[in-house]
Amino acid sequence: MQKFIENLESKMGPLAMKLDGNRYITAIKDGFFGVMSLLIIGSIFLLLGNIPIGGYAEFMSSLLGKDWASYFTVPYDVTMNVMTVYVIIAMARSLSRTYKLDGIACISIVVVAFLILTPMLELKDGGLGIPVTNLGASGLFLGMIVAIAAVEIVRFIDKKGWKIKMPDSVPENVARSFSALIPALFVIIVFNLVRIIFSLTSFGTVQAFIYHYLQVPLLYLGDTLPATLIVTVFEGVLWSFGIHGSNVVSGIMKPIWLALTADNAAAFGAGEAIPHIINFQFYANFMKVGGFGGTLGLAIILLLFAKSKQYKTLGKLAIGPGIFGINEPLIFGIPIVLNPIMMIPFILNPLILATVAYFAMASGIVPLTNGTNIPWTTPPIIAGFLVSGWKGALLNVVQIGISILLYYPFFKSVDRIALQNEKEQEKTEISNDGGVNFN
Amino acid sequence: MKTVMLVCAAGMSTSLLVTKMRRVAQAKGLDITIFAVSATEIDDVLETRQVDALLLGPQVKFRREEIEARLQGKNILLDEINIQHYGMMDGEKVLNQALSLVGS
């Protein structure tokens, strides 16, 4: 058994490394890292405009006038609804770092490339406009591909050394803007060609093509329970080997989950029916209850029911962070890592929690998550309330209860072993002291 | 004055450890700066701060090689935080690990 685990462990590390260390996935992660704080703030405004408490709307209009909701939707509109712009900027920067290219040049070139492929409309009065939705979630996958492709072109040209070299006497900033000319020219020519080609096809725009053939299927898949469960097992197995499974998984799933969240948010803001059960809010608040593995229940068990000194101490230590979704003290302290007994509930629990929450929403008992991006560290129950109302809060309570029931027998056996070890250690200490021998 | 940087995934779990380490360091009167960042922020931080040692959280130690590559040419010592000490958030033991790296 030990051999098997060691074998698996030696494979897990490199696998996780391949996924997490992959420069494109890193770029995507960096892209979202930069945008998350904007999304959270935008969501707060969306929430403020739509708090699901009776009487709120009337109160606000008496305070701020008939148009009060519009005061809150603008910050939401320019963050959540335009998220792709921020994501590609952060991605361009990340890739420019990886390839040691000029950051500003890469960012500008990527934005230009993206705008070339973004359909524009002629306004009634003759001006040009960009439909904002193309800059939001529906343009997300196109944006990610553009960011990667454009920087790769820049890198290719940089490697070939095709650049306008200025004499040394020219100030550095001026020289830099000239050296960015050739890559920018190439990128613009390439992307313009792509745009023209697609405009001659039935798709019309690259965006429509990517959206229908890549984004929609991926989102469809991401919104299903089976796909989510498979991803969760993978995440749990990685964690069980001490690898940050959530990091690896979210690098791949976040774009999909956030696009689903954005859809929900748009529906929520427009007062329409919310489309997707599974999305980032579902994952963060109805699966990771207290952290991956639904460990808040486990933390509570340690705090209230641990008998060994080791776990009593750990319980006091882990409950604080556990409430905020940080469970490394439990994962490495019990430990859950490489612990066959604890691995079982650790991987099973999120699967159960996800299934319970999914059917609670599919059957209409609990409202679907409203698409507001609250910080992932928001404590359960409060988080459930913010995304799904008081029924969501109740669902969180039920989930904590399920977690406690599931973890209890497994933890108890681990606790028993620890208590046994502690007692034996005391015995050897007493007999080593040269005192009375109790056995 | 020595500077020690802890790295994990979001900078959250290590920041718990940092608070405890700082308390011990202060009680001992040590001249040492300790802070935590997420793995994504390493490059940014290293651009503006002088760091003597980098301690990796166990859940990101599989990224060690990639991170070491980024430290090329900088005189920064790297080590992985002992798993047991990390799990128990033992500020004193991890501080000792840091001190054995940078010397006090």
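The exercises below work through a predicted model of chains A and B, each with a solution in steps.

**Exercise 1. Describe the sheet of chain B: in which order do its strands stand, and which of them are at the edges?**

Step 1. Begin with the order, which is 2-1-3-4 for the four strands of this open sheet in chain B, with parallel pairing.

Step 2. Strand 2 (32–38) and strand 4 of chain B each have a single partner strand and therefore stand at the edges, so that one side of each is left without a neighbour in the sheet.

Step 3. Ignoring direction, neighbouring strands of this sheet are turned against each other by 20 degrees on average.

Step 4. Turn then to the helix on the sheet: helix 1 (residues 13–27) of chain B packs there, touching strand 1 and strand 2 of chain B, and its direction makes about 175 degrees with that of strand 2 of chain B.

**Exercise 2. Place strand 3 of chain B among its partners, and decide whether B:Ala53, B:Leu54, B:Leu55 and B:Leu56 are buried or exposed.**

Step 1. On one side, strand 1 (residues 2–8) of chain B pairs with strand 3 of chain B in the parallel sense over four bridges; here B:Val4 is opposite B:Ala53, and B:Met5 is opposite B:Leu54.

Step 2. Strand 3 (residues 53–56) of chain B also pairs with strand 4 (residues 77–80) of chain B, again in the parallel sense and over four bridges; B:Leu54 stands opposite B:Leu78, while B:Leu56 has B:Glu80 as its bridge partner.

Step 3. The connection to strand 4 can now be added, since strand 3, helix 3 (residues 64–70) and strand 4 of chain B together make a right-handed β-α-β unit.

Step 4. As for the side chains, B:Ala53 and B:Leu55 point one way from strand 3 of chain B, whereas B:Leu54 and B:Leu56 point the other way, and all are buried.

**Exercise 3. Check the span of helix 15 of chain A against its number of residues, and find where the helix is kinked.**

Step 1. Helix 15 (residues 309–323) of chain A has 15 residues, and at 1.5 Å a residue it should span 21 Å; the end C-alpha atoms are 22 Å apart, which agrees.

Step 2. A kink of about 30 degrees nevertheless lies at A:Leu317, shortly before the proline A:Pro321.

Step 3. Both A:Leu317 and A:Pro321 belong to the buried residues of this helix, which also include A:Tyr311, A:Leu314, A:Gly315, A:Ala318 and A:Gly322. For reading such a list, it helps that an α-helix has 3.6 residues a turn, so residues three or four places apart point the same way.

Step 4. Beyond the helix comes A:Gly325, whose phi is positive, near 85 degrees.

**Exercise 4. Which elements of chain A give two or more residues to the side that touches chain B, and what does B:Leu16 touch?**

Step 1. The count of residues in contact is 22 for chain A and 17 for chain B.

Step 2. On the side of chain A that touches chain B, the elements giving two or more residues are helix 1 (2–21), helix 2, helix 15 and helix 16 (328–333) of chain A, and helix 1 of chain A gives the most, with five residues.

Step 3. Seen from the other chain, B:Leu16 has its place in helix 1 of chain B, and, leaving out residues up to four places away in sequence, B:Leu16 touches A:Pro321 and B:Met89.

Step 4. B:Leu16 counts as partly exposed because 19 C-beta neighbours lie inside 10 Å, and a residue is buried at 20 or more.

**Exercise 5. Where does A:Asn50 lie, and which residues does A:Asn50 touch?**

Step 1. A:Asn50 is found in the loop between helix 2 (23–49) and helix 3 (56–64) of chain A.

Step 2. With 19 other C-beta atoms within 10 Å, A:Asn50 is partly exposed.

Step 3. Not counting residues up to four places away in sequence, A:Asn50 touches A:Phe268 and A:Gly269; A:Ile374, 324 residues apart from A:Asn50 in sequence, is 14 Å apart from A:Asn50 in space, C-alpha to C-alpha.

Step 4. For chain A as a whole, residues 24 or more positions apart account for 72% of the contacts with a separation of 6 or more, and 44% of the 439 residues count as buried.

Note on methods:
Residues are numbered from 1 along each chain as its sequence is written. Chains are lettered from A and ligands numbered from 1 in the order in which they are written. This is a predicted model: local features need pLDDT of at least 70, side-chain atom pairs count only at pLDDT 80 or more; totals for chains, interfaces and linings use all residues. Two strands pair if DSSP finds at least two bridges between them. A crossover is right-handed if, with the strands pointing away from the viewer, the path from the first strand over the helix to the second runs clockwise. Axes are lines fitted to C-alpha atoms, for helices over the stretch in contact, and angles run from 0 to 180 degrees between N-to-C directions. Two residues are in contact if their C-beta atoms, placed from the backbone, lie within 7 Å. The expected span of a helix is 1.5 Å times one less than its number of residues. The bend at a residue is the angle between axes fitted to the seven residues ending there and the seven starting there. A residue is buried if 20 or more other C-beta atoms lie within 10 Å of its own, exposed if 12 or fewer, and partly exposed in between; C-beta atoms are placed from the backbone.
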